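Have the sequence and the 3D view open side by side, and let's walk through this one together. We'll go from one residue to its neighbours and see what turns up.

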Amino acid sequence: MVFRKSFLFLLLLSLLLSCSVEKKIAMEYMENKEPIKMLIMEPEFCYMINTNPYQIQYLESYPQHKKDSLLYAKSKYVRYLDETLMRVQYLDTLFNNLQDLGFEIYNLDSLLPFLEMKEERYLLNIAQMQLLESQEVMVFSEIFDTLEYFVEYPITKIDFDLWLELSSLNKEDAEMQVFYANKSIQDKLKVRFYKKFLSLDVLYDKEYEALNFQQIVNLPSQSAKEHAQAIFDLFLNQYIDNKLPENRKRKHFYTYDSEKGIILVKRKKILQNYNP
């Protein structure tokens, strides 16, 4: 038992020391970082897709292109949203937040001067952007006197999805990194089961709050702010990797909290590695 406690103590101490060293390197990056020059290639459009049939009769009998058009025309939300507004809102927020984080941002209008630079440069290609409306079925259940009661309700879900390609233009052998990012919102639904006092029948109450258009319109800018921070964190963690000894791997993924001015461990990555 004493040996086990000692082992756990040493293991915990090792993790704390390792985390401390990595955070120290991260703060070194924050103090000495140079502006990162990045060219962003914008998508031509944002796909507006609906997969929720909304009781469209004989949908499967249509060819795929007719099916997509019919689904779009019968959608609850996406047909009323401006594709250009959603795309530009994302791009403007992404540009502004990356600049606030110390990036020098370029677009295709400044392609030639960007390519002539000798400093380290990066290319961020927003390969695809889409807004997806779909339907999910939520199942609620509870057990009363060994019997399980359940109820199902359909809800509407909106997903904002992006595929990003990040490349270094100075390193010929550097592999392009491909990332997938998703942010979703949906109707809010709560169900509470209860038993009537006299009859002992099991009934339920529900609280339902449908999505509103403002929530959906805000989705691209909210995503862009998160993505800008996530892109910054990629460079921060790469710096840590480069500074650690060759035989040592980074224990955590770190993020910089600009409001508090501290380095934190990021439990869930916003940008997920994508391997098609």
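Find serine 223, which sits in helix H5, the stretch covering residues 213-243. This is a predicted model, so everything here is read off computed coordinates. Is serine 223 buried or exposed? Its relative accessible area is just 1%, and because anything under 20% counts as buried, serine 223 is buried. Leaving aside residues up to four places away in sequence, serine 223 touches Tyr90, Phe160 and Lys183.

Let's pick up that last contact. The side chain of lysine 183 meets the side chain of glutamate 226 in a salt bridge, with N to O at 2.9 Å. Lysine 183 is in strand S6 (residues 177-186) and glutamate 226 is in helix H5, so this pair ties together parts that lie 43 residues apart in sequence. Glutamate 226 has 29% relative accessibility, so it counts as partly exposed.

Stay on H5 and move along to phenylalanine 235. Which ring does it pair with, and how are the two planes set? The structure has 15 aromatic pairs in the count. In one of them, the rings of phenylalanine 103 and phenylalanine 235 have centres 5.7 Å apart and planes at 70°. Planes over 60 degrees apart count as edge-to-face, so that is the label this pair gets. Phenylalanine 103 belongs to strand S3 (residues 103-106) while phenylalanine 235 belongs to helix H5, so the pair ties together parts 132 residues apart in sequence. Both ends are tucked away: phenylalanine 103 is buried at 4% relative accessibility, and phenylalanine 235 is buried at 12%. Pull up the neighbours too, since the two rings belong to one aromatic cluster made up of Tyr29, Phe103, Tyr122, Phe232, Phe235 and Tyr239.

Right after phenylalanine 103 comes another residue to look at. Glutamate 104 and lysine 37 bring their side chains together in a salt bridge, 3.6 Å from N to O. That bridge links distant parts of the chain, with lysine 37 in strand S1 (residues 36-41) and glutamate 104 in strand S3, 67 residues apart. How exposed or buried is each partner? Lysine 37 is buried, with a relative accessible area of 12%, whereas glutamate 104 is partly exposed at 29%.

There are 9 salt bridges in the structure, and one of the others takes us back to H5's neighbourhood. Arginine 250 forms a salt bridge with aspartate 241, and their closest N and O atoms are 2.8 Å apart. Both partners count as partly exposed, arginine 250 at 25% relative accessibility and aspartate 241 at 30%. Elsewhere, Glu136, Lys157 and Asp159 are joined into one network by salt bridges that share partners.

Now go to lysine 251, in the loop between H5 and S9. Lysine 251 is partly exposed, with a relative accessible area of 48%. How far is its C-alpha atom from that of glutamate 22? The two are 229 residues apart along the chain, yet their C-alpha atoms are separated by 8.2 Å.

Past that loop comes a hairpin. Strand S9 (residues 254-257) pairs with strand S10 (residues 262-265) in the antiparallel sense, over 4 bridges. Within that pairing, threonine 255 has leucine 264 in S10 as its bridge partner. The hairpin has 4 residues between its strands, and glycine 261 in the turn has a positive phi of about 70°.

You can set that beside another hairpin. Strand S7 (residues 188-195) and strand S8 (residues 202-209) run antiparallel and are joined by 8 bridges. Leucine 189 stands opposite tyrosine 208 in S8. Here 6 residues lie between the strands, and leucine 200 in the turn has a positive phi of about 65°.

Finish on the outside. Leucine 112 is in helix H4 (residues 111-116), and its relative accessible area of 61% makes it exposed, because exposed means over 50%. What does leucine 112 form on the surface with Leu115 and Leu169? The three make a nonpolar patch, with about 280 Å² of accessible area together.

Technical notes. Residues numbered from 1 in each chain as written. Predicted model: local features only at pLDDT ≥ 70, side-chain atom pairs only at ≥ 80, totals over all residues. Heavy atoms only, no water. Patch = residues over 30% accessible without salt bridge, like charges linked within 9 Å, V, L, I, M, F, W, Y side chains within 5 Å. Areas by Shrake-Rupley, 256 points an atom, 1.4 Å probe, with all protein chains shown as cover. Salt bridge = Lys/Arg side-chain N within 4 Å of Asp/Glu carboxyl O. Helix = DSSP H or I, 4+ residues; strand = E, 2+ residues; numbered from the N terminus. Buried < 20%, exposed > 50% of the residue type's maximum accessible area, 1.4 Å probe, protein only. Contact = heavy atoms within 4.5 Å. Pairing = 2+ DSSP bridges. Phe/Tyr/Trp six-rings, centres within 6.5 Å; stacked < 30°, edge-to-face > 60°.
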